[in-house]
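Q: Please take a close look at one helix in this model. Then set it against other parts of the chain, with the details of packing, charge and backbone.

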Amino acid sequence: MRVLYLAANGRQGVVDEPRLDLTTERHKIDLAPECADSLTDALTALDADAALGGAVIEMYHGWAGRDVIVLARRIIASGRRAWLYWPGEQAIECIDEERLSSLWRHWAFITTYRTIEHARNMVGRLARATQREIRGARQALDHVPLSEFPQRIVRKLGRSLAGPSLARSSQPAVPDAGARLAALDALIASAAPVPFPVRPMVPSSVHPIAGCGAYLRTDFWAQIQSGGSYGHTCYVAKELAAVTARLICFVTQRYRLLDDFGVQQIVLDPPSASASEDDIVNATPHFVRMLRPAFEAMPPAYIYERLCLGNYAGALLSRSLQIPYMVEYNGSEISMRRSFDGVGYVYEEEYIKAEEFAFKQATMISVISEEVRGALIARRVDPAKILVNPNGADLQDYAPAVEGEKARVRAECGLDPGAAVIGFTGTFGGWHGVDVLAAAIPEICRRVPDACFLLIGDGNYKHLVDTQVVAQGLEDRVRRVGRVPQSDGARLLKACDIFVSPHSSHMVDSRFFGSPTKIFEYMAMGGAIVASDLEQIGEALSPALTASDLSAPLPPVVTDQRAVLCVPGDVGDFVEAVVGLLAHRGIWRALGRNSRAAVEQHYSWTGHVANLWLFLSGSPAASFGADLQRRRGVVVAPTAAPTVGVAPVTASAVRQRQVETGDSYKDEVQKQWDNDPAGSHYVKVAEPHTLPWFDEAEAYRYGEYAPWMAETMEFAKHRGEKVLEIGGGMGTDLSQFARNGALITDLDLSAGHLELAKENFRLRGLPGEFVLHDAESLVFGDSTFDLVYSNGVLHHTPNTRQVVEEIYRVLKPGGRAIIMMYAENSLHYWRNLVWAIGLKSGELMRCSMGDIMSRSVERSDNAAARPLVKVYTARRLRNLFRGFTDLEVVQRQMVAAEVPRLLRWVPLPTLGTIMGWNLIIKARKPDGQR
């Protein structure tokens, strides 16, 4: 099909793409048109070429603006087809009359939100400006003796400055510093840790912690997209989610990597639009007001908080609601500021007291190094509650390049395929040794002609490197890609042969207390490493070679060495270490193999989180301590670490085959549910692959999640009939039909689901037929089934209309279809997806709602898959099933946790029928039809 391509920059082109003719809803297509400037509008261009079947409109935001909708409507009215296309997602969506109505709803909702936000921000800026003027005027008056003004004028000016509007403000008065300090003293005196309940075994994916865990991070002033802090938060949350029935991250920015992992986030509004120290010290009451209703409604099984400067919301909520509280403390930000900014904080005393309260209230404190532990003990924190738990690496995301991968990444970065590539990633900040790196690069390049550098990251000291690179004319040998998303950084590192970490020891009031995640990520990449012999860095990378070992007459022999260590801050030693390693390329692989093995055994994020539970149970942590003891010559009896973050109930454990579909969306579906069985998350007690395991999943589904389902889905009304379920999952619904006398067939695209359904039926002694196939081309004859049932499946396949046509074909005349799809006109869609993720987190500025749903709707603990997710209206469903008769559409599914406070007076089933997440269509194939 030849179509007009309308680029977002106003240019036009023509695309000849046969696949467009087959599109029905949302599909993956990579279009690469050649566009040129045009003096005609779209309709004129279409009228000028009768061979053009329609127009593709390129999108640069996630939603369609008014002009785009009007244009699409005019194209459709002219008898041609229209599509929206997101190049970054390689996704195209078909537009018809019903979709036009949906686009108008989205436009109205988004425009209303943005208008309200704009007005609110304007009022906020005006209020802050007024308050600044008032403070300035008051400060000016403080320096003028009252005797120089008539007392009456001073009083009148004071009343004017106070202002009637401020006097009537509904906001609570901000306490002064003295009041805040006094309140903190009282909290410290009353703090008492809340113990964790005794558990019979260490939490794991098989035996997860029941209920909901809460991850908390409130540093609203630090908006980041990559780096050690970013990775620490995302990977710890990922592993906590793997061993908790449900985890919610309460954060002040959206973490894209958490979306990739399928971990739920709630983004908290910041206390103000600015990030001054005044805002920081007054932020805790703001966050407590936001969090308390949610925590009272859950309540969480635990709070895990990455402690932030000046914040003690988690400690307050732990104390008042009696919730076990884990504190992650990564070192003193006060010390960091003194060391590398040369100044202190205005409210240091308050920040220290806030930390003291959190430490005293904490059930346990996880710190990244022995230096941090020592600092806390010096502050009289109970040593028995402190766990030294270094950072780590994700073994899947950070892994050695496979064949051909290094060459592809080098080509992408413009690096010579035969060069020796030296990589550095991280914040170009104070203690990362950027000054050493900047001084060393020209000398290394001079002495090793084929050496190149790949530098990833940004920061205050990056100018030191940039200046040297430009001054020495090294732009073609030093690639500086800047700050990139975390996943991109992991991929780019695969281009490197050697990784460097010249960390500095320039602390003015303490020893180096860090645990750089880059070190463990380098180790996981399996390359050779040159790093500073500095506290934990040196410990984790020992045993190691030195620059003198590399310069010896005989080449070094690698046994168990993991890296090359150099003197911190010594440019000459660092240069000699790198140049010496470049001269002994035969040892790169051996060093990398040893460092990768060390991460696998001691420094993975899976092991990091497992250490939390071991510590709470009174057992010794399994990673860093064991590694230190081994290097110090202490014999440690081997202990099997608990399996944390691994789901043994997945089909991948039994090596199922995949269906070759030729469609990337369908491949994502298989990746999702082969690795992440639907419904298995809610099994909290029973052993997997047992009848009690399937029973527990069933009890949750019909008891807590969807009590309406048995009646609405007609489980007991099809005795003696032949029933086909498309996408039977673990066989939970299908077994209801079978136990009520139906003759069942299960067709599924996921081999993992199919094996579990077989197991479910075998354990129950139920007969059934199980078919691994794609529902868009059913393998059954015409008029085979009395009922075709599908629950939450058809909205994951690109050609849903084709599936409906196949359902019609295989149904007997008079046969019924009962199909559930996700509802566009639902509370979950508009509040949780469009508003919370799309608008509040800013995702719709760059992503379509289809992409947001693909990352956010279906939980995926292990596969990191992005299955296609679509939503439907009743009108859209009726259109899909237009060949059927007796159409009935009902709306269901609402859980109490989703209900806003203003609507809690409405009965839950009633809310489900009005704004539930599920649309169920029931339809009948007309009698006499074949």
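A: Start with the buried residues of helix 30: A751, G752, H753, L754, L756, A757, E759, N760, F761 and R764. The model is predicted. Helix 30 runs over residues 751-764. Of its 14 residues, 10 are buried, so the helix is largely enclosed by the rest of the structure. Charged residues are on that list too, including E759 and R764.

The length of helix 30 can be checked. At 1.5 Å a residue, its 14 residues should span 20 Å. The C-alpha atoms at its two ends are 20 Å apart, which agrees with that expectation. Next in the chain comes G765, which follows helix 30 and has a positive phi, near 70°.

Two other residues have positive phi, and neither is a glycine. R380 has a phi near 70°. R380 sits in the loop between helix 14 (370-378) and strand 14 (386-388). With a relative accessibility of 80%, R380 counts as exposed. Q893 also has a positive phi, of about 85°. The loop that holds Q893 runs between strand 27 (885-892) and helix 35 (908-915). Q893 is buried, at a relative accessible area of 4%.

Cis peptide bonds add to the backbone picture. One runs from M298 to P299, with omega near -25°. P299 is placed in the loop between helix 10 (283-297) and strand 11 (302-306). Another cis bond joins S542 and P543, where omega is about 0°. P543 lies in the loop between helix 20 (535-540) and strand 20 (545-546).

Now to a strand and a charged residue within it. E725 belongs to strand 22, residues 722-726. E725 is buried, yet it has no salt bridge. R701 is the nearest side chain of opposite charge, and it is 6.5 Å away. The cut-off for a salt bridge is 4 Å, so that pair does not qualify. The side chain of E725 does reach the backbone nitrogen of L734, at 3.5 Å. Beyond four places in sequence, the contacts of E725 are D733, L734, T745, D746, L747 and Y789.

Other charged residues do pair. Side chains of opposite charge can pair when their charged atoms come close. The structure holds 46 salt bridges. R410 and D497 form one of them, with 2.6 Å between the closest N and O atoms. This pair links distant parts of the chain, 87 residues apart: R410 is in helix 15 (residues 405-413), while D497 is in the loop between helix 18 (486-492) and strand 18 (498-501). R410 is buried, with a relative accessible area of 3%. D497 counts as buried as well, at 12% relative accessibility.

A pair inside one helix makes a useful contrast. The side chains of R809 and E806 meet in a salt bridge at 3.1 Å, N to O. Both residues lie in helix 31 (residues 800-810), 3 residues apart, about one turn of the helix. An α-helix has 3.6 residues a turn, so residues three or four places apart point the same way. The cover differs between the two partners. R809 is partly exposed, with a relative accessible area of 22%. E806 is buried, at 10%.

Elsewhere, shared partners build a network: salt bridges join R254, R256, D259, E843, D851 and R855 into one. Within that network, D259 bridges to R254, and their closest N and O atoms are 3.1 Å apart. D259 and R254 are both buried.

Go next towards the start of the chain. A45 lies in helix 1, residues 42-48. A45 counts as buried, at 14% relative accessibility. Leaving out neighbours within four places, A45 touches L4, Q12, T40 and L52. A55 is 10 residues away from A45 in sequence, and the C-alpha atoms of the two are 9.9 Å apart.

Last, the whole chain. It has 35 helices and 28 strands. Of its 930 residues, 54% are buried. Among contacts with a separation of 6 or more, 73% join residues 24 or more positions apart. The accessible surface comes to about 39,400 Å², and 53% of it belongs to carbon and sulfur atoms. Against that background stands helix 30, with 10 of its 14 residues buried.

Terms used. Residues numbered from 1 in each chain as written. Heavy atoms only, no water. Helix = DSSP H or I, 4+ residues; strand = E, 2+ residues; numbered from the N terminus. Buried < 20%, exposed > 50% of the residue type's maximum accessible area, 1.4 Å probe, protein only. Lys, Arg positive; Asp, Glu negative; His and termini not counted. Polar contact = N/O pair within 3.5 Å; in protein donor to acceptor, adjacent residues only side chain to side chain. Contact = heavy atoms within 4.5 Å. Expected span 1.5 Å × (residues − 1). Areas by Shrake-Rupley, 256 points an atom, 1.4 Å probe, with all protein chains shown as cover.
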